[in-house]
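Trainee: Got a minute? I'd like to go through this model with you, starting with the ligand site.
Mentor: Sure, let's pull it up.
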Amino acid sequence: MNVAVLSGGVGGARFLRGLMGVVEPGNVSIVGNVADDIEVLGLRVSPDLDSILYTLTGRSDEERGWGRSGETWQALESVAELGGESWFRLGDRDIGLHLVRTELLRSGVTLTEATERIARALGLEARLLPATDDPVRTFVETPAGTFSFQTWFVARGHRDEVDALHYPGAPAAAAAPGVVEAIDEADVILIAPSNPYVSIGPILAVGEIRAALERRSVPCVAISPLIGGRAVKGPADRMLARLAGGTTPTHVASCYEGLIDALVIDELDEASGPVRGVKQTVVTKTLMSDESAARKLAAAAVHASGALA
Ligand code: FO1
C-alpha cells in the first residue's frame with residue numbers, strides 16, 4: 001500500500017513515527033511543509049523537515065519537541081557573546097545538519113535533492129519530500145502587525161492573535177519533483193494532525209498540490225490536531241477559534257473543504273455532534289502519548305481509508 005502524507009513538524013512527525021509501525025516505511029511518501037523555513041546566521045533551517053528527520057531516525061529531543069536529543073549549545077553561547085542573532089536557538093548538533101544543507105543549496109543542489117541526501121545519511125526509510133523547492137513562506141497578520149512565521153512563533157511566543165495568513169511565493173510555486181506523483185500514485189492520502197493554517201495551509205497553497213488532492217480517486221483522511229477543542233501544544237486552537245469561528249471537528253474539516261473524505265477525531269470531541277463536510281468520522285483516542293498510541297492512531301486513519309475505498 002502506497003501512502004502519501006502531508007505533514008508539518010512536531011505533531012506530524014510523531015504521527016509519522018506511529019505510521020511506520022503500520023505500513024512499510026519504504027511505501028510512505030511524506031510531503032513536508034517548508035514555509036516556516038528560515039535563514040539564521042547564514043544557515044538554512046527547515047524546522048518541519050528536520051523534526052521529521054530527527055523523529056523518524058531516533059534523534060529528536062522528545063521533551064523540547066524540536067531539535068536533536070543530547071544537544072549542546074556552545075556555538076549559540078558564543079554567538080550570543082559576540083552579539084549575534086541568538087533568539088532562534090540552534091544547537092551544536094543541529095548546526096551540523098544546517099551547515100551541510102546550506103552548503104548543498106549554495107552549490108546549486110535543490111532542497112529536494114539536499115533533503116534526500118541528508119535523509120539517506122541519517123538512515124530514513126520513508127521518502128521525505130519538501131512540498132516545493134520554491135521560496136514559499138508563511139506570514140501572519142496580527143493586531144500588532146504582520147510578522148514572518150518564526151518572528152511570530154518563536155520571537156513573540158505566538159502571543160498575538162492571527163487575523164489572516166499569507167503565503168507569499170505560493171501562487172508561483174511548483175510542487176517539488178515527486179510530490180504530485182506521490183499523491184497520484186498513493187492508495188491513501190493522509191493529512192497529519194498538524195496545524196491546518198501554518199503547517200498544512202502552505203502545502204495546500206501550492207496550486208499543483210491542491211489540484212492533485214482535488215482530483216484524487218483514493219480516500220484522503222485527515223487527523224484533527226485538537227483534543228476536546230484544545231491544541232496539545234501551540235496555537236492551533238486559538239487560530240481555529242478566530243479564523244474558522246470555532247474549535248469543533250466541523251471547524252477543523254472546514255479547513256480542508258473538498259479535499260478530505262474522512263476526519264479522525266478524539267473521543268472528547270464526539271459530543272460536539274456530527275461532522276459536516278466529510279463522508280466519514282472516525283472516533284478514537286488521538287493523544288500520541290507514546291509510540292504505541294501513535295501507532296494505534298495511524299492504524300485508525302489507514303483503516304478508515306479501507307472503509308472508504
Ligand atoms: N522553537 C522555539 O520555540 N524556539 C527556538 O529557539 C526554536 C529553534 C529551532 C531551531 C531549529 C528547529 O528545527 C526548530 C526550532 N524551533 C524553535 C521550533 C520551530 O520554530 C517550530 O516548532 C516549527 O517551525 C513549527 O512547526
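Mentor: Here we'll talk about the ligand, then the pocket, then the cavity.

Trainee: Anything to know before I start?
Mentor: It's a predicted model, where local features need pLDDT of at least 70, side-chain atom pairs count only at pLDDT 80 or more, and totals for chains, interfaces and linings use all residues. Residues are numbered from 1 along each chain as its sequence is written, and side-chain values use heavy atoms, with hydrogens and water left out.

Trainee: OK, how many residues surround the ligand?
Mentor: 14, and the closest are Asp36, Asp48, Phe88, Arg89 and Gln150. A residue counts if one of its heavy atoms lies within 4 Å of the ligand.

Trainee: What kinds of residues are in that shell?
Mentor: Nine nonpolar, one polar and four charged. Here Ala, Val, Leu, Ile, Met, Phe, Trp, Tyr, Cys and Pro are nonpolar, Asp, Glu, Lys and Arg are charged, and the others, Gly among them, are polar.

Trainee: And which element gives the most to the shell?
Mentor: α6, with four residues. Helices are DSSP runs (H or I, at least four residues), numbered from the N terminus.

Trainee: How far is the side chain of Asp36 from a ligand oxygen?
Mentor: An N or O atom of that Asp36 side chain is 2.7 Å from a ligand oxygen. For Gln150, a polar side-chain atom lies 2.8 Å from an oxygen of the ligand. Arg89 uses a backbone N or O atom instead, 2.9 Å from a ligand oxygen. The cut-off for a polar contact is a pair of N or O atoms within 3.5 Å.

Trainee: Where does the ligand sit?
Mentor: In the largest pocket, meaning more than half of its atoms lie within 2 Å of the pocket's grid points. A pocket is an open set of points on a 1 Å grid over the protein atoms alone, with protein on both sides within 12 Å along at least five of seven lines; a cavity is a set where a 1.4 Å probe fits but cannot get out; lining residues have an atom within 4 Å of a point.

Trainee: How much space lies in that pocket?
Mentor: About 1,200 Å³, a volume being the space filled by probe spheres set on the points. Of the 50 lining residues, the closest to the centre are Val10, Gly11, Gly65, Phe153 and Lys233. α2 gives the most to this lining, with five residues.

Trainee: Switching topic, what volume does the largest cavity have?
Mentor: About 80 Å³. Its lining includes Val10, Tyr54 and Trp66, and α1 and α2 are the elements giving two or more residues to it.

Conventions: A polar contact is a pair of N or O atoms within 3.5 Å; within protein, one must be able to donate a hydrogen and the other to accept it, and residues adjacent in sequence count only if both atoms are side-chain atoms.
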